[in-house]
Amino acid sequence: MRKVIISQAKKDHITQLSNADSVIAALAIDQRGSLKKMLAAGDTGQKDVEEIIIDFKQLVSQELTKYASSILLDPEYGLLAAKKRDKDAGLLLAYEKTGYDATEEGRLPDVLEEWSAYRLKEAGADAVKFLLYYDVDEDSTINEFKHVYMERIGQECKALDMPFFLEIVSYDATIADAKSREYAKLKPHKVIEAMKEFSKDKYQVDVLKVEVPVNMNFVQGFVEDQADQVYIREEALAYFKEQSEATHLPFIFLSAGVSMELFEQTLYFAKEAGSSFNGVLCGRATWKDAVSIYAESGPEQTTEWLQSQGRQNIETLNQAIKETAHSWEEKVEVK
């Protein structure tokens, strides 16, 4: 498989985001809308939810980046948290607006209007991250809009020698529930074909942040009710292998809000399949239990949880990554 050609500056940035094994073991807390709703559910005694979300991100960054190779934050609520991160932790900053406009067809991408890749770099980012909702089978007009949009961001990052991390969240325009059994049947096709598309040179993507190619809750051995099974074990393993072979780019897995236990099991499953994934950018699986503690009891007890269970979550994940992930340096060449 051919290697990705990157500049020395880009390689240096990705190295800053990685652990000593050149594997990305990153923490994600760039959630905005969804996190606001979770935190607003409790009575914290804070002035408003804007202040709450900023404080919560700072706590997570301060306590958990000691054990992660880097952290993904948003520039809207996360800049103070970026300053609280461990001195050795790299920084990714999100470039997209949170969510999408549900009144429009196509889940169209939209950058933060008051930011640019240049400004994210000035704010201390080692990489620009953009989240794209993508249905490979959607109307070609919608997908062409998304293709052009990603080309622009890729060129913006290339001009600055900034790594471009593209996060792809797959969906089907005709299925409302992406966690349904109905969508699980389509998910391998959606995830793998999206990876093939955005591995093309014209997008200038350096690292793909992607879902695993199956819904593990419907895999033989993981499914609770056998009647709900969608994939036999061998079939699911084959999809992980196919995903790995669909791109020459370094790629990392997102946790997609599953439990830490299931995410860890998934990484070992990927290794068994022969996947050459290069790390993780793990969000809610790491810290989501701290949200209700913060909402109900405030920062002091949240800090205690982060220092104990939160740390344990990351260290357990780090061990799994050490035993399953591959160095991204195997896939790149500097020119």
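A residue counts as buried when its relative accessible area is under 20%, as exposed when that area is over 50%, and as partly exposed in between. With that in mind, and remembering that this is a predicted model, begin the tour by selecting Glu197, which has a relative accessibility of 11% and is therefore buried. Keep Glu197 selected and add Lys200, because the side chains of these two residues meet in a salt bridge, with nitrogen and oxygen 2.9 Å apart. Lys200, unlike its buried partner, is partly exposed, its relative accessible area being 40%.

Next, select Lys202, which lies in the loop between α7 (181–198) and β7 (207–210), and then Glu151 in helix α6 (residues 140–160). These two residues form a salt bridge whose closest N and O atoms are 3.6 Å apart, and the pair links distant parts of the chain, 51 residues apart. Lys202 is partly exposed at 40% relative accessible area, and Glu151 is also partly exposed, at 25%.

Now move to Lys129 and Glu167, whose side chains meet in a salt bridge at 3.2 Å, N to O. Lys129 lies in strand β5 (residues 127–134) and Glu167 in strand β6 (residues 164–170), so the pair ties together parts that are 38 residues apart in sequence. Both Lys129 and Glu167 are buried.

From there, widen the selection to Asp30, Arg32, Glu76, Glu96 and Lys209, which are linked with Lys129 and Glu167 in a network of salt bridges. To close the tour, how many salt bridges does the structure hold? There are 26 salt bridges, among them the pairs Lys129 and Glu167, Lys202 and Glu151, and Glu197 and Lys200.

Conventions:
Residues are numbered from 1 along each chain as its sequence is written. This is a predicted model: local features need pLDDT of at least 70, side-chain atom pairs count only at pLDDT 80 or more; totals for chains, interfaces and linings use all residues. Side-chain values use heavy atoms; hydrogens and water are left out. A salt bridge is a side-chain nitrogen of Lys or Arg within 4 Å of a carboxyl oxygen of Asp or Glu. Helices (H or I, at least four residues) and strands (E, at least two) are DSSP runs, numbered from the N terminus. Buried means under 20% relative accessible area, exposed over 50%, partly exposed in between (1.4 Å probe, protein chains only).
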